[in-house]
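Here's a walk through the empty spaces and the packed interior of one protein model. Have a look at the structure first, then we'll go pocket by pocket.

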Amino acid sequence: MKLSDIKHILRPDILTWIFPLLLIVPNIALCFTEHYGAAPSLANALMPAGIYLLLCSCSVNIGRTVLLCTPLSIYAAFQIVLLFLYGESIIAIDMFLNVATTNFGEATELLANLGTAICAVVILYLPPIVWSVILVTKHARASRLAIRKARLCGVAISVLGLCAIGMSYIGSEGYSVRRGIFPLNVADNTFQAINRYHATKAYPATSAPFTYSASSIHPDSEREVYVLIIGETCRADNWQLLGYSRNTTPRLSGRSDIVVFPHVLSESNTTHKSVPLLLSPLTAENFGDSIYITKSIFEAFNEAGFATAFLSNQQHNGSFIDFFSRQASHCRFIADEPMRNRYDAALLPMLQEFIASSNSEKCFIVLHTYGSHFNYRERYPENFRQFLPDDSDNASRHNREKLINAYDNSIVATDALIDETITTLEQLPDSVSAAMLFVPDHGEDIFDDGRDRFLHASPSPTYWQIHVPMVLWTSPAHRTAHPGLHDAAQANSHKNISSSRSVFDTMLSIAGINSPYARPFRAVTDSNFKEDPRVYLNDYNEGIALGRAGLHREDFDMLERKNISIR
């Protein structure tokens, strides 16, 4: 190619038209991935296209204009990567918060499997930036004629976009420009994420006056040890105990003293929301208003005279989990300690040490595992490689068999952790009242259907992201001292349960703790347990009916197949 040809291709006039076309790529994609309707789809495509043309025609110095619009390029690139990963939805508030609360290891594991998407956005959006730098350094300007044509087209398309917006407000119930047009909706989500981030940082001050006014109804002389295990990315469908064909829970399947709950759904598919829901009396309906002023379950147990501990195999991330953990009398994040790739089994000696060294007759411990978080192969040692091959670094549908093998191996490791925790409690003196409750934060997509969804924390959930297992064990001494709780749990085991709103009250029920915040009818150990309507905590921190949370036909089919009600 001749130098003159290259100069012709790099003319400033061409960039005036090319750049708006590149910026509109995610808008066009969203018209196909979202269920906007005709008028909202036209508004989402036309209005930004017109504005982009007007921006590019505001000055003959098109190179400078494009460089000033770099944030728009970043939004577009981020949106394309998100669509590649989840197949739908705009960049959510939670996505920005996940970026802020994800540790370096998790981020690199994910980015390593987004090579195609990252290459695509680099090819799309890096050349215009380089092109603009060249134009600026060469003092190249677009022609007045090109600017005038772009401006006229921008005005015409913007007018059509305004008409489409008007039609959307008339014909589409609940339509909002703020939520319906990219990148305005993503810019709004950015500001909301920033506000939530700062509100979270202020949590110690805003929650300081909170108290549960909690007290124990159990005798002071009764020794009690209660353990709550919070799993990570653990979906119910891969549990042998819940009908899975593979032997993924060999130890728990051999036990007759546990209660298994097959119809449990989480109200969030993100760790930074689901764990605080498990560790507080909050639900999807009041999370957004009350999370900044409410203390965790540790405060209730502290007030009731318990020694409390939070033992985690995850890293500090600046979320509410960090703040809640500090409310325990003992807190330890072993993933932050200088040892490479600790497995969840490392939590067991710490659990045993805390119980043995505690001066209190009453102990409450939370184990926060790393469970089945991707990369699955790194979550278990060699002796748990039951299903092979399991070298699952490449996340793709073609590699699904290896991914499932590795994921199932991680469930086998979780099964062992739960069983060994129970064994630890069984080895206490016969007079000790003890109990263990296991529940994960959320599930996971692993290329389960034609949507090719993978991982969790997507802007809209799937069946596999919210259906989770739950297991309860109580000691003979606890069943003798507090008759009825274990029987009630068995009677409630096949009811529709929300882990997000049941765990807090179940633990208080087991421990005999009274509080104005306790809702006994939400405890699975209560004979008057009440099935609440299924709700989901969406990206805007609104508790909405699960049926309106963005589930697809495939999700409803799976829920029906598992006899799980969404009402």
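Let's start with the largest pocket, which holds about 1,100 Å³ of space. The model is a predicted one, where local features need pLDDT of at least 70, side-chain atom pairs count only at pLDDT 80 or more, and totals for chains, interfaces and linings use all residues. Residues are numbered from 1 along each chain as its sequence is written, and side-chain values use heavy atoms, with hydrogens and water left out.

A pocket here is an open set of points on a 1 Å grid over the protein atoms alone, with protein on both sides within 12 Å along at least five of seven lines; a cavity is a set where a 1.4 Å probe fits but cannot get out, and lining residues have an atom within 4 Å of a point. Points are joined across faces, edges and corners, and a volume is the space filled by probe spheres set on them.

The largest pocket has 29 lining residues, and Glu34, Tyr36, Arg179, Tyr540 and Arg548 lie nearest its centre. By class, that lining splits into 11 nonpolar, 11 polar and seven charged residues (Ala, Val, Leu, Ile, Met, Phe, Trp, Tyr, Cys and Pro count as nonpolar, Asp, Glu, Lys and Arg as charged, and the others, Gly among them, as polar).

On to the closed spaces: the whole structure has five cavities of 30 Å³ or more. Here are two of them.

| Cavity | Volume | Closest to the centre |
|---|---|---|
| Largest | about 190 Å³ | Leu97, Arg196, Thr200, His272, Phe320 |
| Second largest | about 110 Å³ | Ile497, Ser498, Arg501, Asp532, Arg534 |

For the largest cavity, α7 (93-101), α12 (184-201) and α15 (271-278) each give two or more residues to the lining, and α12 gives the most, with four. Helices (H or I, at least four residues) and strands (E, at least two) are DSSP runs, numbered from the N terminus. The lining of the second largest cavity has six nonpolar, four polar and five charged residues, with β11 (497-498) and α24 (499-511) as the elements giving two or more.

Now the packed parts. The largest nonpolar core (buried Ala, Val, Leu, Ile, Met, Phe, Trp, Tyr and Cys residues joined through side-chain atoms within 4.5 Å) has 81 residues, and Trp239, Ile365, Leu425, Met436 and Phe454 touch the most other members. Helix α20 (residues 400-426) supplies the largest share, 12 residues. Apart from this core lies another of 54 residues, including Leu277, Tyr292, Phe301 and Met507.

Which residues does leucine 425 meet beyond four places in sequence? Its contacts (heavy atoms within 4.5 Å) are Val225, Val227, Ile355, Ala434, Ala435, Met436 and Trp473.

Finally, a close-up of two residues. Threonine 525 sits in the loop between β12 (513-514) and β13 (535-537). Is threonine 525 buried or exposed? Threonine 525 counts as buried because its relative accessibility is 3%, where buried means under 20% relative accessible area, exposed over 50% and partly exposed in between (1.4 Å probe, protein chains only). Its side chain makes a polar contact with the side chain of serine 509 at 2.8 Å (a pair of N or O atoms within 3.5 Å; within protein, one must be able to donate a hydrogen and the other to accept it, and residues adjacent in sequence count only if both atoms are side-chain atoms).

Alanine 488, in helix α23 (residues 485-492), is buried too, at 7%. Beyond four places in sequence, alanine 488 touches Val524, Thr525, Asp526 and Ser527.
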